[in-house]
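Here are a few exercises to work through with the model open beside you. Try each one before reading its solution.

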Amino acid sequence: MKKLHWGAVALLLLTSFSLSAQSSAVRLEVNTAKSQATVNPDMYGIFFEDINFGADGGLYAELVKNRSFEFPQALMGWNTFGNVEVRTDNAPFERNPHYVRLSSSGHAHKHTGIENEGFRGMGIKNDAEYRFSVWGRKADRKNNAKIRVELVDSNNRPFVHQEIAINSDQWNNYEVVLKSGRTDAHAFLRIFLVGDASVDLEHISLFPVDTWKGHKNGLRKDLAQALYDLHPGVFRFPGGCIVEGTDLETRYDWKKSVGPVENRPTNENRWHYTFTDHFFPDYFQSYGMGFYELFLLAEEIGAAPLPVVNCGLACQYQNDCAEAHVPVDKLDDYIQDALDLIEFANGDPSTEWGKVRAEMGHPESFNLKYLGVGNEQWGEEYPARLQPFIEAIRKKYPEIQIVGSAGPVAGGDGFNFLWKEMKRLKADLVDEHYYMAPEWFYANAERYDNYDRKGPKVFAGEYAAHAKNRANSLNSALAEASFMTGLERNADVVRLATYAPLFAHYDAWQWAPDMIWFDNLEVVKTPNYFVQQLYATHAGTDVLSVLSADKKNLTGQDGIYASAVKDRDNDDIILKIVNSKSEKQQVELLLKGVKSIADTGKWIVLTGHPDDCNTLEKPLTVSPHETTFTTGGKNTVSLAIEPYSFNVIRLHKEK
Ligand code: AHR
């Protein structure tokens with residue numbers, strides 16, 4: 001046999017390789033000419049709840065725990081030394097009656113004072129400023145009342161201090177700024193009595209000066225920035241089970257969370273004892289980041305607020321008896337709370353609750369348009385209570401879109417019962433929750449393809465892929481990204497979607513997985529965060545159909561999931577493609593209705609090993625990688641899709 005030239009062999013191999021690559025290529029046809037549905041601009045958003053130290057100890061930048069001495073053990077979180085007394089007589093704030101009196105120990109070398117441990121320590125940064133404030137008064141007739149305030153590092157070394165003279169026997173607010181010369185994730189605050197005059201101290205507070213947008217009583221800047229960077233359309237708050245409380249006494253009562261911060265009462269946080277293997281007896285809600293701050297945050301991150309009010313049901317997991325709930329004929333106060341909330345958000349400053357908002361600094365409306373009634377409720381008791389809420393809200397505020405619940409699980413009799421009831425009651429949106437295995441998310445990309453188009457719309461209000469190890473791995477994020485192609489494809493029926501929960505403190509979490517992890521100094525964005533961010537920043541305006549060669553939606557054939565939208569404002573076509581397989585896959589795109597596209601496109605890839613997670617040490621192991629690629633300029637595009645990857649491909653249509 002004649003010997004083949006090596007060049008010919010190479011050509012042959014190359015040709016046969018590209019032929020076999022072509023024969024196994026996945027062909028996708030995107031119809032750019034027809035909008036299938038419009039995408040709600042609010043579609044991808046945030047679910048916020050004070051779980052895992054999400055608010056106190058997290059987003060809320062206050063560094064002092066139990067600042068008003070109102071935990072059931074008044075000195076929880078505090079160390080005392082010398083002559084310290086907890087008192088309640090002539091307190092300055094009626095809803096927070098406890099304060100401390102520091103008196104001399106009677107010996108010049110023996111000190112009196114208190115120390116606050118913060119939330120698993122206080123995160124203090126070098127060169128940053130911290131605003132210490134306290135309400136104080138002289139407690140005897142002596143004129144030299146003074147305290148010394150120190151920040152102390154985790155090796156018990158004070159590194160910055162200031163003195164404050166308490167010069168009146170009336171309660172006054174005193175403030176000093178401490179400039180730190182050290183970084184420490186576990187610093188603490190120490191307050192000494194200086195001299196022999198006694199002082200009373202209340203509402204002892206320490207905030208970084210550099211909060212989100214510089215607000216006093218503000219939010220941790222890095223965490224709020226992470227929310228802003230998500231580009232959220234909607235912001236649901238304050239939970240979650242927090243809305244219900246363990247019992248009605250501990251439900252989130254929004255009216256207690258507004259007005260002067262010093263007079264907002266402390267509430268038990270139900271997550272402190274929900275899981276005995278994650279027990280946090282020092283977890284309470286200060287209400288310092290209350291409804292005003294939450295509405296303001298929604299506005300500042302560009303998201304539509306979606307508050308949820310209690311519907312008269314305490315947490316049904318913990319209360320399986322009628323006595324724990326409000327009888328249907330005694331709901332008036334609860335319904336009034338809902339109506340007042342709408343007035344608080346939108347009402348003119350001349351109205352009772354509009355005035356409260358205006359006095360807090362926001363005379364303009366917060367433009368509330370969504371309201372959730374009840375969290376994750378179930379059974380006949382829920383629609384029985386929801387009905388009078390809907391009637392009252394429709395009567396006074398017909399423009400408000402009301403969100404009802406489909407219960408805690410993704411299907412079954414209870415779920416079907418509630419959906420029927422939501423249709424009967426004409427809820428605008430129904431909140432569905434699914435915390436399921438990654439396999440469920442992969443298998444449910446078609447979930448909404450055949451949903452009823454005539455009834456209420458869907459709010460995918462809490463979801464996350466829960467692998468056995470509960471890790472925020474790339475695999476869980478790819479499962480969610482695959483599922484979300486189905487949300488996007490069905491954007492006419494799924495109008496809102498929020499991953500849950502949002503935050504978790506590494507040293508104080510109850511529930512995993514979560515979208516954003518943090519410690520006292522750092523933030524870690526999970527692969528799941530990046531999936532949410534990519535959907536939200538490339539949400540588009542109109543859904544386009546994207547079909548396989550056999551005219552089917554791409555819901556896992558060959559491990560490929562795909563959806564497409566266009567951005568009508570700038571003539572972009574945006575594809576989301578997941579390759580859930582371990583091999584690279586060739587995708588051939590045909591753009592129907594397009595003559596030519598720009599020569600270059602944008603391609604963002606999130607990929608890695610399925611078990612990869614982001615950590616404090618390596619926060620960007622899984623993070624989006626953006627490239628500009630050459631498209632060929634025609635209406636066909638070839639894409640080699642990485643194994644285990646989520647891809648956002650942005651093409652610009654030429655006129
Ligand atoms: O997201 C954590 C919890 O899950 C929410 O508080 C509750 O609504 C659901 O059970």
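Helices (H or I, at least four residues) and strands (E, at least two) are DSSP runs, numbered from the N terminus. This is a predicted model, where local features need pLDDT of at least 70 and side-chain atom pairs count only at pLDDT 80 or more, while totals for chains, interfaces and linings use all residues. Residues are numbered from 1 along each chain as its sequence is written, and side-chain values use heavy atoms, with hydrogens and water left out.

**Exercise 1. Find the cis peptide bond at Pro-513 and place that proline in the fold.**

Step one: look at the bond joining Ala-512 and Pro-513, which is cis with omega about 5°. Step two: Pro-513 sits in the loop between β24 (503-505) and β25 (516-518). Now try Pro-238: a cis bond joins Phe-237 to it, with omega about 0°, and its loop runs between β15 (234-237) and β16 (267-268).

**Exercise 2. Work out how the ligand is held by polar contacts and how much of it is covered.**

Start with the shell, meaning residues with a heavy atom within 4 Å: among them are Phe-47, Trp-271, Asn-375 and Trp-511. Next, hunt for polar contacts (pairs of N or O atoms within 3.5 Å; within protein, one must be able to donate a hydrogen and the other to accept it, and residues adjacent in sequence count only if both atoms are side-chain atoms). A polar backbone atom of Cys-241 is 2.8 Å from a ligand oxygen. A polar side-chain atom of Glu-376 lies 2.7 Å from a ligand oxygen, and a side-chain N or O atom of Tyr-435 is 2.7 Å from a ligand oxygen. Finally, the protein covers 97% of the 280 Å² of accessible area that the ligand has on its own (Shrake-Rupley method, 1.4 Å probe; for residues, only the protein chains shown count as cover).

**Exercise 3. Is helix α4 mostly enclosed or open, and what does it pack against?**

Count the buried residues first (under 20% relative accessible area; exposed is over 50%, partly exposed in between; 1.4 Å probe, protein chains only). That gives 11 of the 15 residues, so α4 is largely enclosed by the rest of the structure. The buried set includes Tyr-334, Asp-337, Leu-341 and Phe-344. Then list the partners: the buried residues pack against α3 (291-300), β18 (304-309), α5 (352-359), β19 (370-373) and α6 (381-396), with contact meaning heavy atoms within 4.5 Å.
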